[in-house]
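Reader: Hello! I am new to this structure and would love a close look at one part of it. Could you pick a strand pairing and then walk me outward from there?

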Amino acid sequence: AVRLQHGASGLEPLAWSEDHRVSVSTARSIAVLEQLSDVHSGGQDMVIHRTAVPAPGAACTLKVGPKKEVAECKEKFASSVDPTVSQVFMLDRVFNPEGKSLTPMRGFKYSSWSPLGCDANGRCLLAALTMDNRLTVHANLNRLQWVQLVDLTELYGECLSEARYKLCKGDAPCGELRDFPEFQRRHSMQAPVRMEWSGICTTQQVKHNNECRDVGSVLLAVLFENGNIAVWQFQLPFLGKESITSCNTIESGISSPSVLSWWEYEHNNRKMSGLIVGSAYGPVKIIPVNLKAVKGYFTLRQPVVLWQEMDQLPVHSIKCIPLYHPYQKCSCSLVVAARGPYVFWCLLLISKAGLNVHNSHVTGLHSLPIVSMTADKQNGTVYTCSSDGKVRQLIPIFTDVALKFEHQLIKLSEVFGCVRTHGIAVSPCGAYLAVITTEGMANGLHPVNKNYQVQFVTLKTFEEAAAQLLESSVQNLFRQVDLTDLVRWKILKDKHIPQFLQEALDKKIESCGSTYFWRFKLFLLRILYQSMQKAPSEVTWRPSHEDAKILISDSPGMGSTEDDQEEGTSKQASKRSLGDAGKGVDIDDSAEDSLHQSSDSGGREPMVEKLLEIQAQIEAVEMHLTREHMKRVLGEVYLHTWITENTSIPTRGVCDFLMSDDGYDDRTARVLIGHILKKMNKQTFPEHCSLCKEILPFTDRKQAVCSNGHVWLRCFLTYQSCQSLVYRRCLLHDSIARHPTPEDPEWIKRLLQGPCTFCDSPVF
């Protein structure tokens, strides 16, 4: 459980990103909880890195006209004798974000994570919508601080102002701002309701020499109060305002829109996309999105109505899950929407007859309206929750025609006691469920104070997580942190790697030899090594009191003897141990511990041998992964260099390092090195120390030491020496890498964008 500093706010306060960060919308900030599978810690608890995106200090005022004219209009509407004008104006927080006599609009309404690979570090961007309608995009570039990249509300207001608040050039001229309906229209056309990111798509960019190059881009759809949708196109990596490619506005025709989601469908290598929009009155439909210059995408010809009844059941949340239909032998889309206490579902699949739509409702789930819904996109499982602490798990089962749902109740009260739930989110691989809870009713009475907490509940067993990791199509440990965390917990708890997992992993390594399974093996060995380590007796963060005050008689000038100094040290140690005992340390336990250590010195020898054996296995796996990456680097050097070109990569040193071990016999490496040495024509191109200009020999993969003793760390991505005081480290502090420089060619910059070769983590 992670306690929140402020109360949760917004409609769906929880969101879990693809890079394992949980965003929690609160009344003062967005709390971001990042899950880490730490290989350097021996604790069994989840390791969570906590940061926050603070709410802006100033209120957001939408741009509807010149400041002077807007101020005059506000004064006119506030003092109007017509109560239908004055009361509506005074109570609408879109018009009055600062509040005056009303409570201030602080906090966040909604947050949404982009796909993986959108920011400068290849991670997820965070789009945040405040209660006062400010929409911003943030990035976590240096791990400790969130940076606002762009304010989309301000940019969209400027675009509307330049277009004189008309969507199309052929539209009739807009009315006067002094008219209250026009004043309302200008606000509703730029007050965001929800926003959602699309998947990453590829666009073609024409260069100056008339060549075309593929550029990654991502779309952010923003739904406004009047039903319009603004689709922003961002070039990747997104760096700020200069990365915005375009902004197009679509009219959805939905009155009182409440929720938005992307529909992305792939059929026979043809991709289709659209936007699913839900209304507070009940209807749900897909709006076509015309993606210009996007490779492989096709658009719908007309909107597709999924539910048209105006039954006054508001659509609260929509999720779109891509699945494979086992009977129709084709891909399909499952759209689920929370409508009151019911779940509306719609199955979409394309056949020879066209687009087939099957829809229905799942009833009898909750007695109260659904407050949050989340979906596991790996297997299509849907989770819903109501405020009374009941969570339902819905598992889709395909039939000949469409599908049906099996659902079961998850009683959080059996785990946490009586609680109220405010939001749920499932981890990317479905291993954990995050739940925001507060205290429930006790003896029919509501609690005096509410303590908001994010609780993490496991949804998979260790065996399921291990099997999923072994059969993974992703083959990236970082993208499966929730699964590796369950494996980590099991090994730390049992202090051994289960036999079935070890055998299955060895088979995978023998059969395909993918470096992913070697990295998985390295992860298991490191966790096993940590489980064998003895926990420190003292808390590591507590300052030691060794530099205590020295008596005058003990000072060197007074001629103190060694015996006196030893006596003083022993007194300090005894005081410190008594102080620790007073703070809850059991003296008998510590005495037994010391007796056990002194008497069982013979029993400790097998443990030391076991640790040395594991350490040797770790070094062997690390060396194998290093050699495989060296082969990749040498392959890039061979492909991108000419005969006498001096690359900044120590090519000769890497070749010699690979061939230095007589036991290493890799025919591919030998052939590659032979071609490279022939190309280099006896030239060595050694690295030189920037301090003394001496040659830096390549004798160690981690560091370079010159003849004068200057030590430089080596970049694990290119094996160059990092001869600067600024460099990057991977997320788990496994390795270091240098920053790319303007002089680097494109292929070296591409190498420097890679993840850690040992743990797949991104580099900061």
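Author: Happy to! Let's begin where β13 meets strand β14, residues 244-251: the two run antiparallel and are joined by seven bridges. Please keep in mind that this is a predicted model. Within this pairing, isoleucine 229 has isoleucine 250 of β14 standing opposite. As general background, the strands of a sheet pair through backbone hydrogen bonds, and they may do so in a parallel or an antiparallel way.

Now look at β13 itself, which covers residues 228-235. Is this strand mostly covered or mostly open? It is mostly covered, with seven of its eight residues buried. β13 also has a partner in β12, again in the antiparallel sense and again over seven bridges. One pair to find in the viewer is leucine 219 and its bridge partner in β13, glutamine 233. β12 and β13 form a hairpin with three residues between the strands, and there glycine 227 takes a positive phi near 95 degrees.

From β12 we can step to an open space. The second largest pocket holds about 1,200 Å³. It is lined by 34 residues, and those closest to its centre are Asp119, Ala120, Gly122, Pro237 and Gln753. Which elements give two or more residues to this lining? They are β12 (212-224) and α15 (746-752). By character, the lining divides into 14 nonpolar, ten polar and ten charged residues.

α15 leads us on to a loop. Isoleucine 748 has a C-alpha 7.7 Å from that of threonine 718, with 30 residues separating the two in sequence. Threonine 718 sits in the loop between β34 (711-713) and β35 (728-729). Its relative accessibility is 0%, so threonine 718 counts as buried, the cut-off being under 20%.

There are enclosed spaces to explore too. How many cavities of 30 Å³ or more does the structure hold? It holds four of them, and the largest has a volume of about 110 Å³. Residues from distant parts of the numbering line this largest cavity, among them Gln35, Leu36, Leu477, Phe523, Leu731 and Ser761. β4 (29-36) and α7 (481-494) are the elements that give two or more residues to that lining. Here the residues divide into eight nonpolar and four polar, with no charged ones.

Next comes a helix. α9 runs over residues 515-532, and its 18 residues reach 26 Å from the first C-alpha to the last, close to the 26 Å expected at 1.5 Å a residue. Why is α9 described as largely enclosed by the rest of the structure? Because 15 of its 18 residues are buried.

Let's finish with another sheet. This one is open and has four strands in the order β20-β21-β22-β23, with antiparallel pairing. At its edges are β20 (315-325) and β23 (354-362), each of which pairs on one side only. On average, neighbouring strands here are turned by 20 degrees against each other, direction ignored. β22, residues 342-351, pairs with β23 over nine bridges in the antiparallel sense. A good place to zoom in is leucine 348, whose bridge partner in β23 is valine 357.

Note on methods: Residues are numbered from 1 along each chain as its sequence is written. This is a predicted model: local features need pLDDT of at least 70, side-chain atom pairs count only at pLDDT 80 or more; totals for chains, interfaces and linings use all residues. Side-chain values use heavy atoms; hydrogens and water are left out. On a 1 Å grid over the protein atoms alone, a cavity is a set of points where a 1.4 Å probe fits but cannot get out, and a pocket is an open set with protein on both sides within 12 Å along at least five of seven lines; lining residues have an atom within 4 Å of a point. Grid points are joined across faces, edges and corners, and a volume is the space filled by probe spheres set on the points. Ala, Val, Leu, Ile, Met, Phe, Trp, Tyr, Cys and Pro count as nonpolar, Asp, Glu, Lys and Arg as charged, and the others, Gly among them, as polar. Two strands pair if DSSP finds at least two bridges between them. Axes are lines fitted to C-alpha atoms, for helices over the stretch in contact, and angles run from 0 to 180 degrees between N-to-C directions. The expected span of a helix is 1.5 Å times one less than its number of residues. Buried means under 20% relative accessible area, exposed over 50%, partly exposed in between (1.4 Å probe, protein chains only).
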